[in-house]
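Here's a quick briefing to read alongside the structure. Take a look at it first, then work through the points below.

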Amino acid sequence: MELQTVDFKADDAAELFVESLRNTGFGVLKNHPIPKELVESIYENWQAFFNSEEKRDFPFSKENQDGYFGPETSEIAKGHKVKDIKEYYHVYPKGRVPAQLEEQIREYYRLANQLAAQLLTWVQENAPKEVSEKFSIDLKDMIKNSEQTLLRILHYPPMTGDEEPGAIRAAAHGDINLLTILPAANEPGLQVLNKDESWLDVPCDFGNLIINIGDMLQETSGGYFPSTIHRVINPTGKASTKSRISLPLFLHPHPEVVLSERYTADEYLNERLRELGVK
């Protein structure tokens, strides 16, 4: 399995992108419309936020799932027993954001959601008819103005040597949502599980976008689009002294959207949040 980088502006971009998603669960895009400078500035500004004590002024809300999640409340991936080595902040359309960071992060949220609608249209238009007929409404309409779509700013701190045995930055997991849109992080470490059960490094070329399938798209496509297991491994050597910032946008449908005969989006999400221990 290889992760192919697709030129967003190419005539056959949609076809190649969806083919990559189908074969690997991941797609990598270059020459996309999200400015690299915006992402770079977000990384710098949120690094400063995570380095400050101001983050403690925005404790996460169990009810709204927004705000700051410290290492002590970090997720335990499904099937694992040790917390991930990370802290993060959740941004929702109506959620809290530190004032000095708000304008920039809202602009990124807007641009990424705009792109998301196009990518979901690509997925739908390049799926076989018997698969696209399973979608209760158009994929892009599942997320249109959705207040459930989550932007997570992740900070993986430098390694200290005192980490809990078996803990890594993000244990192997699948995402809950339809698609996840992720600018290449400022440090490597993301890996995807190959069909032969080996781990494949995801290219970390700054400026590219990495997109992966979540469990909800797998559910609503009847398994045609596979949700891929991925993880973030601990760095070694000089890299272990560096922080890693990551900016995934998790595309969540409106709560009432019917994913399948088994689930609405709301039922599916709440089941998974309970499994993660954050609800």
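The structure holds 15 aromatic pairs (Phe, Tyr or Trp rings, using the six-membered ring of Trp, with centres within 6.5 Å). Keep in mind that this is a predicted model: local features need pLDDT of at least 70, side-chain atom pairs count only at pLDDT 80 or more, and totals for chains, interfaces and linings use all residues. Residues are numbered from 1 along each chain as its sequence is written, and side-chain values use heavy atoms, with hydrogens and water left out.

**Aromatic rings**
- Phe60 and Phe69 are a stacked pair (planes under 30 degrees apart), because their ring centres sit 4.3 Å apart and their planes are at 25°.
- Phe69 is buried (under 20% relative accessible area, 1.4 Å probe, protein chains only) at 1%, while Phe60, at 23%, counts as partly exposed (from there up to 50%).
- Trp46, Phe49, Phe50, Phe58, Tyr68 and Tyr89 make up one aromatic cluster.

**His155**
- You'll find His155 in strand β5, residues 150-156 (strands are DSSP E runs of at least two residues, numbered from the N terminus).
- His155 is buried too, with 4% relative accessibility.
- Its side chain makes a polar contact (N or O atoms within 3.5 Å, one able to donate a hydrogen and the other to accept it) of 2.6 Å with the side chain of Glu87.
- Another polar contact, of 2.8 Å, links the side chains of His155 and Ser243.
- Leaving aside neighbours within four places in sequence, the residues in contact with His155 (heavy atoms within 4.5 Å) include Gln47, Phe50 and Arg244.

Terms used:
Helix = DSSP H or I, 4+ residues; strand = E, 2+ residues; numbered from the N terminus. Phe/Tyr/Trp six-rings, centres within 6.5 Å; stacked < 30°, edge-to-face > 60°.
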